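Thanks for passing this one along. Have a look at the model first, and then my notes below, which go point by point.

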Amino acid sequence: MHYFKDLNSYRWLSIGLCLMILLVAVGGSLGIVWMRTQITGTAKHVAQMERDLRALDNDNATLSARMARAHNPEFLITHMPAGLRPTSGNQIVWIQASAQPSYLAQARQSAPAEVAASGSSSVSFDLALLNQPRDPQP
């Protein structure tokens with residue numbers, strides 16, 4: 001009787017071990033399939049990124065060549081409009097950072113009291129676009 005009891009427990013133990021081996025084998029094979037799928041997807045992504053990088057390198061080289069050609073003095077001379085000429089002295093506006101320009105002082109006097117009292121200064125760069133002659137102040 002004792003012999004059958006041990007045989008029965010060994011039978012269940014061997015069945016359990018076979019199920020564990022089967023479970024590990026199935027899990028391992030599914031893991032390998034999943035890893036191969038991930039590797040394939042990553043390889044496709046890397047290949048796409050390499051193609052994009054080659055296209056960007058080609059575009060960068062093309063733009064660099066165009067910029068180099070555009071900065072060439074001969075190219076600039078040939079594409080210069082007929083009315084383009086060097087700036088004259090009355091077209092240049094000099095602004096000193098420490099000095100307060102007269103137009104800013106006039107704007108503060110005409111501004112509301114709270115803006116004038118706040119002491120905030122703003123310089124408008126649209127004065128360079130006006131066609132009024134200015135005295136150069138180096």
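1. Start with Ser 14, which sits in helix 1. With a relative accessible area of 35%, Ser 14 is partly exposed, because anything between the 20% and 50% cut-offs falls in that class. Its side chain also has a partner: it reaches the backbone oxygen of Arg 11 at 2.8 Å.

2. Keep in mind that this is a predicted model. Overall, the protein averages a pLDDT of 76, and 63% of the residues score at least 70.

3. The fold is quick to describe. I see four helices and zero strands, so to speak an α-α-α-α run when you read from the N terminus on. Helix 1 covers residues 2-70, while helix 4 takes in residues 113-118.

4. How much of the protein is buried? Buried residues come to 2% of the 138 in the protein. The exposed surface is about 12500 Å², with carbon and sulfur atoms supplying 65% of it.

5. There is a nonpolar patch on the surface that you should click through: Trp 12, Ile 15, Leu 19, Leu 22, Val 26 and Leu 30. Together these residues have about 640 Å² of accessible area.

6. Is Leu 30, one of the patch residues, buried or exposed? Leu 30 lies in helix 1, and it counts as exposed because its relative accessible area is 57%, against a cut-off of over 50%.

7. Confidence varies along the chain. Among the elements, helix 1 has the highest mean pLDDT, at 92, and helix 4 the lowest, at 47. So the points above on Ser 14 and Leu 30 concern residues of helix 1, the element with that highest mean.

8. My one caution is about residues 114-133, where pLDDT stays under 50. For this stretch the model has 13 contacts beyond four places in sequence. Where pLDDT is low, the predicted coordinates should not be read in detail.

Note on methods: Residues are numbered from 1 along each chain as its sequence is written. This is a predicted model: local features need pLDDT of at least 70, side-chain atom pairs count only at pLDDT 80 or more; totals for chains, interfaces and linings use all residues. Side-chain values use heavy atoms; hydrogens and water are left out. Helices (H or I, at least four residues) and strands (E, at least two) are DSSP runs, numbered from the N terminus. Buried means under 20% relative accessible area, exposed over 50%, partly exposed in between (1.4 Å probe, protein chains only). Accessible areas come from the Shrake-Rupley method with a 1.4 Å probe; for residues, only the protein chains shown count as cover. Patches are made of residues with over 30% relative accessible area and no salt bridge: like charges are joined within 9 Å, nonpolar side chains (Val, Leu, Ile, Met, Phe, Trp, Tyr) within 5 Å. A salt bridge is a side-chain nitrogen of Lys or Arg within 4 Å of a carboxyl oxygen of Asp or Glu. A polar contact is a pair of N or O atoms within 3.5 Å; within protein, one must be able to donate a hydrogen and the other to accept it, and residues adjacent in sequence count only if both atoms are side-chain atoms. pLDDT is the predictor's confidence in each residue, from 0 to 100. Contact means heavy atoms within 4.5 Å.
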